[in-house]
Amino acid sequence: MDFNMKKLASDAGIFFTRAVQFTEEKFGQAEKTELDAHFESLLARADSTKNWTEKILRQTEVLLQPNPSARVEEFLYEKLDRKVPSRVTNGELLAQYMAEAASELGPTTPYGKTLIKVAEAEKHLGAAERDFIHTASINFLTPLRNFLEGDWKTISKERRLLQNRRLDLDASKARLKKAKAAEAKATAEQELRVAQTEFDRQAEVTRLLLEGISSTHVNHLRCLHEFIESQTTYYAQCYRHMLDLQKQLGRFPGTFVGTAEPTSPPLSSTSPTTTAATMPMGPSVADLAPPGEAALRLEEVAPPASGTRKARVLYDYEAADSSELALLADELITVYSLPGMDPDWLIGERGNKKGKVPVTYLELLS
């Protein structure tokens, strides 16, 4: 009990000292140890990453589940570590209503037969939407949420600890300045050495965590590619189901039965058979290159007379095709831009090899 009281009194004393130091700094009555510019840059990048990750996460949740009540329900299930119950999609619910309507209004009538066919298509659309939501949640939302609930909480904890160590260090400096007697000076100098050591150690721990944000960006980039792939697959499936429905109803792209004038422009000038046979099932992310860059002939590219820069590679990069340059972490390469190039890419040269390199993998040097 006596030990606990002593520890409580010691903790209260430390808290009071930090509070006094913090207050005096706010009023300009005490000096404050400033972090170096690179450290401040790392802090700013980490804060920006956290803020934008939160916004992207929340808006993606809205995209996947527009119903706010449903989102709240799913959130509560997750917090309670309970499985989220399977939810009927809007397309599946519409399919159910159409099928019931056809049964009651007459499944053998033209209207009833059409309702049944449309209900089947809507059921397929709902199933595709369900698969998309499931895939996007696992491959995109979960990694973003893990960063906010895991890595970011660790970074925030270490930053708070660094702030406390910094307050202790500056309070020790202030005590040393005020010390007059030799004994008091010796005690203050010893406290300052201890405070400086603890501050330096904590600053290094925090710095390493902040530099890990680069790895977070790489991970989120991979997750973003997977999200786009799943979204592309989803929309391609929807198109295929609707194309099949049009065939069943005898309404091919560009042909409108029973109306004097078409109510919407034709989807394609080609025949229905050609359209169905050549319907793309969605390009891969690697195919989504900026217009005009696919025809880039690297052997004909010459560096500009001025404007080349050195760049340090931040992490390994595997070239997707022969037009790109593979990179190794920490190597130095020469980079430059060409008129009309996508701003997210540069031309990189290493010896007699050259190719496109992503800007996000580089640290441009002066």
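**Close-up views: rings, charges and confidence**

**View 1. A lysine over a tryptophan ring.** In this predicted model, the charged end of K356 is placed over the ring of W345, 5.4 Å from the ring's centre. A second lysine does something similar elsewhere: K55 lies over the face of W52, and here the distance to the ring centre is 4.5 Å.

**View 2. Aromatic pairs, starting with F147 and W152.** How many aromatic pairs does a search of the whole structure find? It turns up seven. One of them joins F147 and W152 in a tilted arrangement, with 6.4 Å centre to centre and 50 degrees between the planes. Both partners, F147 and W152, are buried.

**View 3. Y315 meets Y361, edge-to-face.** These two tyrosines form an aromatic pair with centres 4.8 Å apart and 75 degrees between the planes, which makes the pair edge-to-face. The pair ties together distant parts of the chain, as its members are 46 residues apart. Y315 belongs to the loop between β1 (309-313) and β2 (332-336), while Y361 sits in the loop between β4 (353-358) and β5 (362-364). Are the two tyrosines buried or exposed? Y315 has a relative accessibility of 19%, so it counts as buried, given that the cut-off for buried is under 20%. Y361 comes in at 11%, so it counts as buried too.

**View 4. A cluster of rings.** Which residues do ring pairs link into a cluster? The members are F132, F140, F227, Y234 and Y235.

**View 5. H220 and its contacts.** H220 is part of helix α7, which covers residues 213-248. Its relative accessible area is 13%, so H220 is buried. Setting aside neighbours within four places in sequence, H220 is in contact with T53, P143, L144 and F147. F147 has already appeared in View 2, as the tilted partner of W152.

**View 6. Where to trust the model, and where to go easy.** Across the protein chain the pLDDT averages 81, and 75% of the residues score at least 70. Where is confidence highest, and where is it lowest? Helix α2 (residues 37-64) takes the top spot with a mean of 96, whereas helix α8 (residues 272-278) is at the bottom with a mean of 39. Over residues 251-295 the pLDDT is below 50. That stretch still has 39 contacts in the model beyond near neighbours in sequence.

Technical notes
Residues numbered from 1 in each chain as written. Predicted model: local features only at pLDDT ≥ 70, side-chain atom pairs only at ≥ 80, totals over all residues. Heavy atoms only, no water. Phe/Tyr/Trp six-rings, centres within 6.5 Å; stacked < 30°, edge-to-face > 60°. Buried < 20%, exposed > 50% of the residue type's maximum accessible area, 1.4 Å probe, protein only. Helix = DSSP H or I, 4+ residues; strand = E, 2+ residues; numbered from the N terminus. Lys NZ or Arg CZ within 6 Å of the ring centre and 35° of its normal. Contact = heavy atoms within 4.5 Å. pLDDT = per-residue confidence, 0-100.
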